[in-house]
Amino acid sequence: MSSSESQEPALSTEAQSKKAAKKEAAKLEKLRRKQEVAAAATAASNLSVEDDPLAANYGHIPLNELQSKTPVNVNDWTRVEALNDSLEKVLIRGRAQAIRPVGKKMAFLVIRENGFTVQCLVQAKTDLVSPQMVKFAAALSRESIVDVEGKVSVPAAPIKGATQQVEIQVRKLYCVSKAVPTLPINIEDAARSEVEIEKAIQAGEQLVRVNQDTRLNFRVLDLRTPANQGIFRIQSQVGNAFRQFLLGKSFVEIHTPKLIAGSSEGGAAVFRLDYKGQPACLAQSPQLHKQMSICGDFGRVFEIGPVFRAEDSFTHRHLCEFTGLDVEMEIKKHYFEVMDEVDKLFVAMFDSLNTNCKKDLEAVANQYPFEPLKYLRNTLRLTYEEGIQMLKEVGVEIEPFGDLNTEAERKLGQLVLEKYGTEFYILHRYPLAVRPFYTMPCYDNPAYSNSFDVFIRGEEIISGAQRIHVPEFLEERAQACGIEVKTISTYIDSFRYGVPPHGGFGVGLERVVMLFCGLNNIRKTSLYPRDPLRIAP
């Protein structure tokens with residue numbers, strides 16, 4: 001073997017070693033570059049304050065700044081509802097209802113406050129808005145509360161996704177309270193109408209339907225929908241109209257105890273409890289004490305307060321706790337005097353709702369479509385016997401001295417609407433056997449009573465009557481209804497010192513709103529419902 005042939009393998013090995021070293025170096029360089037890119041990306045995603053000279057214009061407000069550290073002028077904030085093209089620079093606070101990034105240098109936010117919304121544009125601009133600020137905006141979780149500062153502008157095209165027809169060019173953006181990234185229910189889903197869901201199903205699409213129990217489990221989120229905002233603003237107006245009307249009629253607002261020694265209505269539907277070693281109840285109504293207040297010479301009284309009923313009613317219109325609107329007043333001659341007040345009060349209330357709650361009623365109707373309530377300027381009055389006769393004429397048999405069941409009430413409501421053109425009417429002179437123990441019997445027939453119910457859309461909302469003010473007669477009636485007289489002795493004794501003839505009525509606030517808005521379940525009009533199965537939230 002020649003010397004040249006013996007050296008050839010050695011040269012080949014050396015070349016292979018150089019090639020491997022070169023390949024390894026290239027691999028290491030590639031890894032180094034990859035690590036640099038990853039580090040840069042991490043730095044960008046962390047919105048490094050050090051790398052952004054405009055970092056003070058955005059971010060999460062630290063807790064110590066939210067602990068009432070510095071007094072401010074609340075007038076610095078503009079309400080979203082008030083935003084218009086006459087404004088230039090504004091500061092608003094609201095929830096981030098929608099967040100839509102468009103590339104890396106632009107993001108749209110829809111900010112909501114009390115049902116009003118405005119579109120906000122976060123767009124990167126030199127010395128004004130940094131890319132990091134855009135990224136911060138895009139990363140906000142929906143329903144977070146934010147402060148937005150910026151310039152008001154009017155886009156060329158109408159804004160479809162917001163109530164206000166202006167846009168805010170964002171210059172500063174701060175998160176006041178961060179919502180969790182994934183909400184248990186989406187507001188958009190909770191605000192969807194059944195009509196919308198059914199249309200989607202027919203088109204072969206599937207939309208999320210949020211059922212009632214889920215809504216109530218996460219009530220604080222459910223309450224944010226436009227319909228629910230409308231419902232409880234309408235409810236507020238009902239209470240306000242009730243109070244203002246009665247104050248204008250010389251009624252006095254009172255506040256009666258809810259812990260009482262005995263049943264206020266009779267029957268078994270009462271929550272019993274131990275009161276420092278004594279048996280007690282939660283008041284089924286303010287009935288006894290509002291009558292005692294008449295004995296105390298207040299003349300005309302009313303109350304807005306909680307009422308408790310321990311009945312196992314799993315219906316669309318019963319609750320174990322609701323808000324009672326109660327009235328009691330002296331009468332000079334006839335229980336019609338009480339009915340006159342009911343007539344004027346509720347016509348005024350309905351007028352007030354139609355005038356002052358137009359936007360709220362529209363918001364409710366968008367999710368839960370309904371026809372406006374039909375009512376007369378002078379409310380229709382029928383006797384119980386007249387109502388029974390109307391039902392008999394269409395083949396509905398009712399026990400002459402019994403009560404109307406739900407089906408009979410609805411049928412009568414339908415007949416009244418067809419014949420008289422109203423969904424609001426009074427039915428009076430009920431059988432005594434179906435009324436509370438304190439109800440005054442009729443002078444001409446003790447089988448009937450000086451009492452009345454009021455109906456909306458075929459459902460009872462009000463019960464009222466002249467009361468028994470003769471103590472001996474009251475004791476007799478209480479015993480006949482199975483009530484231990486000794487448990488209500490202070491109530492009966494109050495009539496022994498002289499009391500004028502009087503009467504009154506009670507109505508459930510939630511039921512008024514439910515029926516005025518044509519809703520199908522009273523839980524929709526109870527802020528945090530209490531029924532036989534629910535005591536939370």
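In this predicted model, strand β2 (residues 89-101) is joined to strand β5 (residues 145-153) by seven bridges. The two strands run antiparallel. Within this pairing, G94 of β2 stands opposite V146 in β5. Strand β2 also pairs with β3, again in the antiparallel sense, over six bridges. Here R95 has R112 in β3 as its bridge partner. The strands β2 and β3 form a hairpin with four residues between them. In that hairpin, G103 takes a positive phi near 70°.

R112 itself belongs to strand β3 (residues 106-113). Its relative accessibility is 9%, so R112 counts as buried, the limit being under 20%. The side chain of R112 makes a polar contact of 2.8 Å with the side chain of E143. Beyond residues up to four places away in sequence, R112 touches G94, R95, Q97, T117, E143 and R224. E143 thus appears both in the polar contact and in the contact list of R112. The bridge partner R95 is also one of the residues touched.

The chain as a whole holds 15 helices and 17 strands. Of its 537 residues, 47% are buried. Among contacts with a separation of 6 or more, 69% are between residues 24 or more positions apart.

Eight strands make up an open sheet with mixed pairing. The strand order is β7-β11-β12-β17-β16-β15-β14-β13. At the edges lie β7 (252-253) and β13 (380-383), each of which pairs on one side only. Within the sheet, strand β15 (residues 451-456) pairs with strand β16 (residues 459-466). This pairing is antiparallel and spans six bridges. D453 stands opposite S463 in β16.

Helix α8 (residues 287-295) packs on this sheet. The helix touches β11 (300-308), β12 (321-330) and β17 (502-508). The direction of α8 makes about 25° with that of β12. Most of α8 is covered, with seven of its nine residues buried. These are Q287, L288, K290, Q291, S293, I294 and C295. The cover over them includes β11, β12 and β17, as well as α14 (489-493). Just after α8, D297 takes a positive phi of about 75°.

A second open sheet has three strands in the order β8-β10-β9. Its pairing is antiparallel. The edge strands are β8 (259-260) and β9 (272-275), and each pairs on one side only. Strand β9 and strand β10 (residues 278-282) are joined by four bridges. Across this pairing, D274 stands opposite P279 in β10.

M339 lies in helix α9 (residues 336-356). At 0% relative accessibility, M339 falls under the 20% limit and therefore counts as buried. Neighbours within four places in sequence aside, M339 is in contact with R381, I426, H428 and F452. R381 falls within edge strand β13 (380-383), and F452 within strand β15 (residues 451-456). M339 and G504 are 165 residues apart in sequence, yet their C-alpha atoms are 8.7 Å apart in space. G504 falls within β17 (502-508), one of the strands touched by α8.

Two further helices pack against each other. Helix α7 (residues 226-247) meets helix α10 (residues 358-367) at an angle of about 135°. Their axes are 8 Å apart. Because of that angle, α7 is oblique to α10. The crossing of the two helices is left-handed. On the α7 side, the contact is made by P226, A227, G230, I231, R233 and I234. On the α10 side, their counterparts are D360, L361, A363, V364 and Q367.

Technical notes. Residues are numbered from 1 along each chain as its sequence is written. This is a predicted model: local features need pLDDT of at least 70, side-chain atom pairs count only at pLDDT 80 or more; totals for chains, interfaces and linings use all residues. Side-chain values use heavy atoms; hydrogens and water are left out. Two strands pair if DSSP finds at least two bridges between them. Contact means heavy atoms within 4.5 Å. Axes are lines fitted to C-alpha atoms, for helices over the stretch in contact, and angles run from 0 to 180 degrees between N-to-C directions. Buried means under 20% relative accessible area, exposed over 50%, partly exposed in between (1.4 Å probe, protein chains only). A polar contact is a pair of N or O atoms within 3.5 Å; within protein, one must be able to donate a hydrogen and the other to accept it, and residues adjacent in sequence count only if both atoms are side-chain atoms. Angles under 35 degrees count as roughly parallel, over 145 as roughly antiparallel, 65 to 115 as roughly perpendicular and the rest as oblique. A crossing is left-handed if the near helix is turned anticlockwise from the far one by less than a right angle, and right-handed if clockwise.
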